[in-house]
Amino acid sequence: MCGIVGYIGKRDVAPLLLEGLQRLEYRGYDSAGIVVSSPKTAGLKMVKAKGRVRDLEAKVPARFKGTTGIAHTRWATHGAPSDVNAHPHMSADLKVAVVHNGIIDNASDLRRKLEADGVEFLSETDTEVLVHLIARSQAEKLEDKVRDTLRVIEGTYGIAVMHADFADRIVVARNGSPVVLGIGEKEMFVASDIAALVAHTRQIVTLDDGEMATLKADDFRTYTTEGTRTTAEPTTVEWEAASYDMGGHDTYMHKEIHEQADAVDRVLRGRIDDRFSTVHLGGLNLDAREARQIRRVKILGCGTSYHAGMIGAQMIEELARIPADAEPASEFRYRNAVVDPDTLYIAVSQSGETYDVLAAVQELKRKGARVLGVVNVVGSAIAREADGGIYVHAGPEVCVVSTKCFTNTTVAFALLALHLGRTRDLSVRDGKRIIDGLRKLPAQITEMLEQEEHIKKLAEQYAEARSMLFIGRVRGYPVAREASLKLKEVSYIHAEAYPASELKHGPLALIEPALPTVAIVPDDDLLEKNRAALEEIKARSGKILAVAHQHQEKADETIVVPKNEDELDPILMGIPLQLLAYHTALSLGRDIDKPRNLAKSVTVE
């Protein structure tokens with residue numbers, strides 16, 4: 001969940017690395033550090049700082065020159081944020097420097113053994129174990145020193161290593177945490193995310209688990225941790241550096257909320273088949289005969305991706321009439337679930353690197369299951385592990401809390417549900433109806449965003465609440481779940497989500513004027529049931545904000561959302577609640593793009 005960036009070439013490396021860290025800060029922002037070296041000067045030079053990248057930048061001296069370097073921005077797992085616990089970590093002789101993403105599971109045992117041999121540890125981190133093991137290796141080559149160390153390591157890692165005695169190279173390795181190489185003209189880059197690379201090169205190589213690489217200024221080579229050479233052909237990334245700029249907005253979250261109409265247009269583009277009232281999803285690698293043999297769909301994700309999966313499961317059941325459900329990947333992988341050969345498993349991850357989801361995919365593949373991926377990042381680990389899938393084409397999402405990627409993921413599930421439905425028993429008429437609804441989405445999103453000033457005023461009222469309740473029934477419940485999560489993540493206001501039908505089974509005890517309720521009230525066959533829930537709350541003097549297709553008499557305030565097809569309504573109903581969370585956080589003065597204790601890409605367990 002941290003950010004790594006490295007460079008070897010002829011340029012002054014410190015400004016380049018600091019720029020890369022700024023682009024990666026959404027992956028971790030409690031401390032940062034940088035190590036540089038130069039063929040003209042002996043040894044390694046390091047600067048570290050608790051806090052943001054700007055705090056590190058303020059500490060870097062003017063004459064901090066070098067042409068090779070590695071840098072890191074941290075999200076703490078072992079040891080509180082501090083200058084000492086910040087990466088890179090260096091050996092006692094100042095020859096070895098390491099940056100590391102992931103968790104070393106056997107770090108405590110290795111630390112005790114090293115301490116028994118007289119090694120003195122300076123930090124509380126698991127990463128420092130790597131440094132001392134590499135420094136103590138008797139191998140002659142740096143690659144072999146790193147390989148010796150990785151043989152005794154248990155856990156996940158993405159690492160970059162520099163050594164003063166091997167000043168012409170950086171050695172990197174991956175197991176469960178992303179490592180991406182950037183191929184330049186007589187210069188090479190490494191990062192944990194392409195965000196740090198696209199300003200300098202769009203030619204990238206993504207390492208697989210169990211793979212290492214040696215970077216020199218004019219060359220790179222990849223090989224397994226056992227030493228066998230591997231073939232790595234660079235690919236061209238579609239995103240450009242400008243995609244990571246704020247584009248005139250005050251925050252990335254605001255920018256990404258307002259990009260959703262264009263993002264949805266991208267996920268639809270080229271996929272609709274009007275002739276047969278269906279969609280083209282060639283990446284599924286699933287022919288019609290195989291699709292008809294599916295008896296159940298299980299969707300796995302974490303956080304926002306899990307909520308998108310809940311919406312997806314409902315659409316698949318409604319349109320394809322296949323039993324479907326969603327489950328947190330973090331729970332699924334530990335409960336020894338029965339893996340059914342007739343079940344289609346779908347792994348959902350914005351980054352395509354979410355560790356719990358990736359581990360679930362690997363376990364499913366081991367047991368012979370068919371797994372599809374729904375991800376945003378081309379070439380990511382889950383995309384490569386899966387049998388096929390759908391790219392959601394949301395574009396880069398920098399804010400820690402997800403908005404446009406969530407929306408595009410739900411639209412991708414609508415496409416999948418339509419595809420499976422038309423392969424089975426969904427009529428041409430219903431297929432056309434859904435396609436017409438999908439085509440309306442971008443314009444309706446734009447219409448929805450025009451209510452921002454109204455929603456901002458509502459948010460300023462609700463910012464005073466200490467807690468909020470979100471309710472919805474059937475299609476509305478996953479929307480309530482996601483809206484509750486958004487508010488928690490970005491404003492730090494406690495929020496809970498419940499099915500509206502469950503109110504009388506306990507949550508009504510909480511209702512009072514000080515606890516506002518946000519109710520999802522779509523104009524569908526459950527409209528009167530939802531209105532009855534509003535009656536129950538109002539009878540107990542509860543304050544209600546409704547998100548609905550028409551004004552709700554029992555609500556104190558209503559945000560009116562454009563009506564689409566019943567099955568597609570959840571896609572739109574979450575968007576005003578993203579704005580509600582955003583403006584609530586803004587009125588409270590929160591750090592919107594970098595909420596406390598969170599990081600964007602969860603690549604540790």
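Visitor: How many cavities of 30 Å³ or more does a search of the whole structure find, and what makes a space a cavity?
Guide: The search finds three. A cavity is a set of points, on a 1 Å grid over the protein atoms alone, where a 1.4 Å probe fits but cannot get out. This is a predicted model, in which local features need pLDDT of at least 70, side-chain atom pairs count only at pLDDT 80 or more, and totals for chains, interfaces and linings use all residues. Residues are numbered from 1 along each chain as its sequence is written, and side-chain values use heavy atoms, without hydrogens or water.

Visitor: What is the volume of the second largest cavity, and what does volume mean here?
Guide: Its volume is about 50 Å³. That is the space filled by probe spheres set on the grid points, which are joined across faces, edges and corners.

Visitor: What makes a residue part of the lining, and which residues line the second largest cavity?
Guide: A lining residue has an atom within 4 Å of a point of the cavity. For the second largest cavity these are Phe 406, Val 479, Glu 482, Ala 483, Lys 486, Gly 574, Leu 577 and Gln 578. By class, four are nonpolar, two polar and two charged. Phe, Val, Ala and Leu are among the nonpolar types, Glu and Lys are among the charged ones, and Gly and Gln fall to the polar class because it takes the types outside those two lists.

Visitor: Which element gives the largest share of this lining?
Guide: Helix α16 does, with four residues. Both α16 (476-491) and α19 (575-587) supply at least two. Here helices are DSSP runs of H or I with at least four residues, strands are runs of E with at least two, and the numbering starts at the N terminus.

Visitor: Which strands does α16 lie across, and how is its direction given?
Guide: Helix α16 lies across β23 (467-472), β24 and β25, running at about 175° to β24. Axes are lines fitted to C-alpha atoms, for helices over the stretch in contact (heavy atoms within 4.5 Å). Angles run from 0 to 180 degrees between N-to-C directions, so a value of about 175° is close to the upper end of that range.

Visitor: What is the strand order of the sheet that holds β24, and why are some of its strands called edges?
Guide: The open sheet has five strands in the order β24-β23-β25-β26-β27, with parallel pairing. Strands β24 (494-499) and β27 (557-560) each have a single partner strand, so one side of each has no neighbour in the sheet. The twist from one strand to the next averages 20°.

Visitor: How do you know that β25 and β26 pair?
Guide: Two strands pair if DSSP finds at least two bridges between them. Strands β25 (residues 517-521) and β26 (residues 544-548) have five bridges, in the parallel sense, so they meet that rule. Val 521 stands opposite Ala 548 in β26.

Visitor: Which strands pair with β9?
Guide: Three bridges join β9 (residues 180-183) to β11 (residues 203-206), which run antiparallel. Four bridges join β9 to β10 (residues 188-191), also antiparallel. Gly 182 has Ile 204 as its bridge partner in β11 and stands opposite Phe 189 in β10. Strands β9 and β10 form a hairpin with four residues between them.

Visitor: Why is Ser 277 counted as buried, and what is Leu 94 called?
Guide: Buried means under 20% relative accessible area, exposed means over 50%, and partly exposed lies in between (1.4 Å probe, protein chains only). Ser 277 has 5% relative accessibility, so it is buried. Leu 94 has 49%, so it is partly exposed.

Visitor: What makes the phi of these two residues worth a remark?
Guide: Most residues other than glycine have a negative phi. Leu 94, in the loop between β5 and β6 (96-101), has a positive phi of about 65°. Ser 277, in the loop between β16 (272-273) and β17 (278-279), has a positive phi of about 55°.

Visitor: Which residues does a cis peptide bond join?
Guide: The bond joins His 87 and Pro 88, with omega about -5°. Pro 88 is in the loop between β4 (68-74) and β5 (89-90).

Notes: 1 Å grid on protein atoms, 1.4 Å probe; cavity = no way out; pocket = protein on both sides within 12 Å on 5 of 7 lines; lining within 4 Å.
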